[in-house]
Amino acid sequence: MIRGFVSANTKSPHNIFSGLLKFEARWYCSISFGFKDKISPELCDNLQRNGYAVVDEIFEKVTIQQIREEVLNMYNGSHMHKNCTHLVNNATKRLVEKHHIHEAELTLDHNIQSMAPVCSQLNNDRSLPVMLNLFMPKLTLESQAIKLQVNSGGGGCFPCHFDSDEQVDGRKVTAIIYANPMWQPGDGGQLRLYPFPYSAPIDIEPVSGRMVLFSSTRMLHRVLPSAATQRVCLTVWLSQLRSRQRGSPLFAGSPLSSTFSADSDQTKQIASLMQPHIRNHVLKMVYAQEWAESIELSHPYTLERDGMVEQHWREVEMIRKALKSCEPTIQYLEDVCKNSHESMPNLHKLPISWF
Ligand SMILES: O=C(O)CCC(=O)C(=O)O
Ligand SMILES: [Fe+2]
């Protein structure tokens, strides 16, 4: 729809789009959230190529302050619930609480919307998916859902995870907006991204006004323990309609061993290992130890937590067996990523399909 609108005009898409957004803004919101200026072709190019992008000062300071106050009011008024890890084992599904992480689903809950008017306006503002679609038309984002979150100190954190999976829902892009005006390095709570094999993990500080965008299905991430008493953020999940998903029939539902064909040539092996579905498994193997530790750090001690860690190691073992013929190549990738960028041979040129 937007592409049709743009191609019918001779002005640059960016300008035409600003006009359209101003028109919409008059009807839908009194706050301008700044996406139309901040989501640029360069930013989207980074997102497309690296799987993530960071933009600072996404909103005015006063807007960030209002968002922080609204989220903390929700927390202090006990309108948030504890965040849980969803544990799927065979046919059973259980929830395991994380400690010190509280959240509320804004988009699904009209009560929360009425108590958080600025966050609600953000929920109604469609300019983020619209701008991303403009510069990354293949995304075809059609909906957004917002979660409010407080990490209440005490080392609260998230284990290594992907936000979604093509077979679970239509989430494609995660955007996290931080509202922590007093944040200092000793507070912890950095978002750690794993853009393997382009580089070693990257830690992003949760400073006020910063927005981090990344691939919901293919960017492994975790949150480091937070000592700050109130680390606040909003998460926006941007989704395609499930019927529009460009599912990969090659991988859908197939066990790893039947979809992977090892080639003796190392370059070909690397290309095979970097196919999205296989890459996600390779990541679990490469970061197995850190992944296990992050599960332990994020949940209070219970038998269920032990079970989660055991299940993790069983999965790592299965992946190791399935990818046995590529072990030296995986070891090579691992070594390269653990050493500095200088020694990294052309791995950043490998085309990873992030979206
Ligand atoms: O708190 C953050 O920075 C990220 C949280 C996260 O990864 C999630 O909610 O899935
Ligand atoms: Fe996440």
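# Two sheets and a ligand shell

Strand 10 (220-226) and strand 11 (231-239) each supply at least two residues of the shell around ligand 1. Strands here are DSSP runs of E, at least two residues; helices are DSSP runs of H or I, at least four residues; both are numbered from the N terminus. The model is predicted: local features need pLDDT of at least 70, side-chain atom pairs count only at pLDDT 80 or more, and totals for chains, interfaces and linings use all residues. Residues are numbered from 1 along each chain as its sequence is written, while chains are lettered from A and ligands numbered from 1 in the order in which they are written.

**The shell.** Around ligand 1 stand Q149, F158, D163, I176, L191, H221, V223, C233 and T235. A residue counts as near when its C-beta atom, placed from the backbone, lies within 6 Å. By class, five are nonpolar, three polar and one charged.

**The four-stranded sheet.** This open sheet has the order 5-10-7-8, with antiparallel pairing. Its edges are strand 5 (156-161) and strand 8 (202-204), each paired on one side only. Neighbouring strands are turned by 25° against each other on average, direction ignored. Two strands pair if DSSP finds at least two bridges between them. F158 has V223 of strand 10 as its bridge partner. Both residues also belong to the shell around ligand 1.

**The seven-stranded sheet.** A second open sheet runs 1-9-6-11-4-3-2, again with antiparallel pairing. Strand 1 (52-55) and strand 2 (81-89) are the edges. The twist averages 25° from one strand to the next. In strand 9, V212 stands opposite V54.

Two antiparallel pairs:

| Pair | Bridges |
|---|---|
| Strand 1 and strand 9 (residues 211-215) | four bridges |
| Strand 5 and strand 10 | three bridges |

**Helices on the sheets.** Helix 4 (residues 41-50) packs on the seven-stranded sheet, touching strand 1 and strand 9, and its direction makes about 150° with that of strand 1. Contact means C-beta atoms, placed from the backbone, within 7 Å. Axes are lines fitted to C-alpha atoms, for helices over the stretch in contact; angles run from 0 to 180 degrees between N-to-C directions. Helix 13 (residues 303-322) lies across strand 2 and strand 3 (92-105), at about 110° to strand 3. Helix 12 (residues 288-298) lies across strand 5 and strand 10, at about 145° to strand 5.

**The annotated domain.** UniProt, in an unreviewed entry, lists residues 126-240 as "domain: Fe2OG dioxygenase". Over residues 126-240 the chain is 8% helix and 44% strand. The end C-alpha atoms of that stretch are 14 Å apart.

Note on methods. Two residues are in contact if their C-beta atoms, placed from the backbone, lie within 7 Å. Ala, Val, Leu, Ile, Met, Phe, Trp, Tyr, Cys and Pro count as nonpolar, Asp, Glu, Lys and Arg as charged, and the others, Gly among them, as polar. UniProt positions are given in the numbering used here, feature names are shortened, and annotations may be inferred rather than shown by experiment.
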